[in-house]
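Please open the model in your viewer and keep the selection tool at hand. We will walk through it stop by stop.

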Amino acid sequence: DTYSSWFNASKLISTGNLAPNNSNTTITPASPVKTDSLNCTWTYLDAEGDAGTGTIIWYNNSREHFRTNISTAENNTIVSYTLTRNQTNGFIESEEWTCAGRANDGSINSPAWVNASVTIQNLGPNNATPSISPSSPVKTDNLNVSFTVSDPDADSLTVEIVWWNGTREHFRNNKSYANASNSSYTLTQNASNIFSKGENWTSAF
């Protein structure tokens, strides 16, 4: 028996290198308040499966605040970094924070930085229902209104307290409180605060 001829097939391995990509920079939470921490996440993509580095840069408005490089072991690796809210990372209402992400496979950068931005929110305070004591006053009693003030951003608060005698405004006062404070104001029965039988006294803040 004789052997057949060799039949060959070949393919040239390209010496080129395809650039990696970052397709989806995201910041969470999407609507942060100043007490939140900010997390930036994106996906390192490399068609050739190369390991590489993900760069994250944080900007406060247009000013660079922080930069870090994170090693990626392979294609489709999540790159993530959290700015923990502390004295170094102080977030102020209305600031715009931007995270820029870029991939590098050891030789080539991704074509462009991919950015995401959020604005630090200022949420309105919460109004708790006021309570007047005593619940069944007589004309010689003092009237006390109590309530709890809170703010989701942990801001200090100025509370405007108004007392009405029937439909007539009797007294108005502004007081400052820390967030989540138990607060109260007393109308002391005296020559300025005269309570009569049958009157309906209302307090609002």
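Is Thr 68 buried or exposed? Select Thr 68 and see: with a relative accessible area of 17%, Thr 68 is buried (buried means under 20% relative accessible area, exposed over 50%, partly exposed in between, with a 1.4 Å probe and protein chains only).

A word on the ground rules before moving on. This is a predicted model, in which local features need pLDDT of at least 70 and side-chain atom pairs count only at pLDDT 80 or more, while totals for chains, interfaces and linings use all residues. Residues are numbered from 1 along each chain as its sequence is written, and side-chain values use heavy atoms, with hydrogens and water left out.

**Around Thr 68**

Thr 68 sits in strand β5 (helices, H or I with at least four residues, and strands, E with at least two, are DSSP runs numbered from the N terminus). Leaving aside neighbours within four places in sequence, show the contacts of Thr 68: Gly 54, Thr 55, Ile 56 and Tyr 81 (contact means heavy atoms within 4.5 Å).

**The four-stranded sheet**

Now colour the open sheet with the order β5-β4-β7-β8, whose pairing is antiparallel (two strands pair if DSSP finds at least two bridges between them). At its edges are β5 (63–72) and β8 (114–119), each pairing on one side only. On average, and ignoring direction, neighbouring strands here are turned by 15 degrees against each other (axes are lines fitted to C-alpha atoms, for helices over the stretch in contact, and angles run from 0 to 180 degrees between N-to-C directions). Zoom in on β4 (residues 52–60) and β7, which run antiparallel and are joined by eight bridges. To find one residue pair, pick Thr 53: its bridge partner in β7 is Asn 104.

**The disulfide**

Next, select Cys 40 and Cys 99, joined by a disulfide with an S to S distance of 2.0 Å (a disulfide is a pair of cysteine sulfur atoms within 2.5 Å). Cys 40 lies in strand β3 (residues 38–45) and Cys 99 in β7 (residues 96–104), so the link ties together parts that are 59 residues apart in sequence. Look along the S-S bond: the torsion is about -75 degrees, so this disulfide is left-handed. Cys 40 is buried at 0% relative accessibility, and Cys 99 is buried at 0% as well.

**Two nonpolar cores**

Show Trp 42, Ile 56, Trp 58 and Trp 97 as spheres; of the 16 residues in the largest nonpolar core, these touch the most other members (such a core is a set of buried Ala, Val, Leu, Ile, Met, Phe, Trp, Tyr and Cys residues joined through side-chain atoms within 4.5 Å). β3 gives the largest share, four residues. A second, separate core of 12 residues includes Phe 147, Leu 157, Ile 161 and Phe 195.

**Aromatic pairs**

How many aromatic pairs does the structure hold? There are six (rings of Phe, Tyr and Trp, the last by its six-membered ring, pair if their centres lie within 6.5 Å; planes under 30 degrees apart count as stacked, over 60 as edge-to-face and the rest as tilted). Among them is the edge-to-face pair of Phe 147 and Tyr 177, at 6.3 Å centre to centre with 80 degrees between the planes. Both Phe 147 and Tyr 177 are buried. For a stacked example, select Phe 171 and Tyr 185: 5.2 Å centre to centre, 20 degrees between the planes. Phe 171 is partly exposed, with a relative accessible area of 23%. Finish by adding Phe 205 to your selection, as Phe 147, Tyr 177 and Phe 205 form one aromatic cluster.
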